[in-house]
Amino acid sequence: MAAALMAAEYRCLIAACLSLLAACTLPESPMSESPPPESLMPEPTMAEPEQMIHRKPLSYELRLGERDAGAIDLVVIHCTELPDLGMARKYGERIKYQQSKTGNSGHFYVTRFGRVEQWVQPGRVAHHTAGFNERSIGIELVNRGRYPNWFHSEHQVPQEPYTEVQIEALIRLLRSLKSQYPGIRYIAGHEDLDTRKIPAEDRPEQLISRKIDPGPKFPWQQVLNAVALEPWSDHR
Ligand SMILES: [Zn+2]
């Protein structure tokens, strides 16, 4: 009797271990982002729907410097180079600047499902592009980029495409920003503004780009056709 009970307990334990193992080894996929609640709602029928923006301020938002709306003339497109929004949030919340007790982040984040979150209000200077923060709004698209081999010589070409709903949400966001901040004139990729090279981690003699976002998968022509912004590269 006791032996039978022990065997039953043993089977339970094995089953529990197996299900835990299955949970731990599930492949990470774009679906690891939980779908936004608004995906259940009917599509807006207006020709130019307003982009719904979910306000999710970073814990240090109010410690970031303030600026006038007129100081903003540039939007910088980034990708997170991380698998999901949750991990991007962890990076964003990290304190990197001890004096101001602030970190690095964009103002807006656009998920693969087209959900848009605002982590920093545009009236404050977020740290997203060295040398261009004071004048720009940073928009981060969730995309793996080179993750997790950012600086490996053989992983410099990002493979994940941007989703159509993500690009549509980005376009709505850009239009809405342009109408709210008429001083915005230019659009750039992070890779256009930060062209610094560093040694590859596996082959120090080979130099690689520190920043490659949003990268070759980003549909520049589609976005430029849809919004009245000038490419920064033409401006230079
Ligand atoms: Zn970037």
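This section describes the fold of a predicted model, with attention to its sheet, its central strand pairings and its nonpolar core.

The protein contains 6 helices and 9 strands. Of its 236 residues, 28% are buried. Contacts between residues at least 6 apart in sequence are mostly long-range, with 75% of them joining residues at least 24 apart.

An open sheet is formed by 7 strands in the order β1-β4-β3-β5-β2-β6-β9, and the pairing within the sheet is mixed. Strands β1 (53-55) and β9 (230-231) lie at the edges, each pairing on one side only. In this order β5 stands between β3 and β2. Strand β2 (residues 74-79) runs parallel to β5 and is joined to β5 by 6 bridges; one of the bridge pairs places V76 opposite G138. On the other flank, 3 bridges link β5 in the parallel sense to strand β3 (residues 108-110). There, Y109 has E140 as its bridge partner, and F108 stands opposite I139.

Strand β5 (residues 136-141) is mostly covered, with 6 of its 6 residues buried. In a regular strand, side chains alternate between the two faces of the sheet. In β5, S136, G138 and E140 point one way, whereas I137, I139 and L141 point the other way. Residues of both sets are buried.

Within this strand, G138 counts as buried because 26 C-beta neighbours lie inside 10 Å. Apart from neighbours within four places in sequence, G138 is in contact with V76, H78, G106, H107, A126, H128 and T129. G106 is 32 residues away from G138 along the chain, yet the C-alpha atoms of the two are separated by 4.5 Å.

The largest nonpolar core comprises 32 residues, of which V75, Y109, V110, I139, L170 and L173 touch the most other members. At least two residues of this core are supplied by each of β2, α2 (85-93), β3, β5, α3 (164-180) and β6 (186-189). L170 touches V110, I139, L141 and V223, when residues up to four places away in sequence are not counted.

Helix α3 has 17 residues and reaches 24 Å from its first C-alpha to its last, close to the 24 Å expected at 1.5 Å a residue. Its buried residues are Q166, A169, L170, R172, L173, L174 and L177. An α-helix has 3.6 residues a turn, so residues three or four places apart point the same way. The buried residues of α3 pack against the strands β2, β3, β4 (116-118) and β5, and also against helix α5 (220-226).

A further buried position is found in the loop between β8 (207-209) and α5, where F218 lies. F218 is classed as buried because 22 other C-beta atoms lie within 10 Å. With residues up to four places away in sequence left out, F218 touches I77, Y162 and G189. F218 and H78 are 140 residues apart in sequence, and their C-alpha atoms are 9.8 Å apart in space. H78 is also among the residues in contact with G138 of β5.

Definitions and conventions. Residues are numbered from 1 along each chain as its sequence is written. This is a predicted model: local features need pLDDT of at least 70, side-chain atom pairs count only at pLDDT 80 or more; totals for chains, interfaces and linings use all residues. Helices (H or I, at least four residues) and strands (E, at least two) are DSSP runs, numbered from the N terminus. A residue is buried if 20 or more other C-beta atoms lie within 10 Å of its own, exposed if 12 or fewer, and partly exposed in between; C-beta atoms are placed from the backbone. Two residues are in contact if their C-beta atoms, placed from the backbone, lie within 7 Å. Two strands pair if DSSP finds at least two bridges between them. A nonpolar core is a set of buried Ala, Val, Leu, Ile, Met, Phe, Trp, Tyr and Cys residues joined through C-beta atoms within 7 Å. The expected span of a helix is 1.5 Å times one less than its number of residues.
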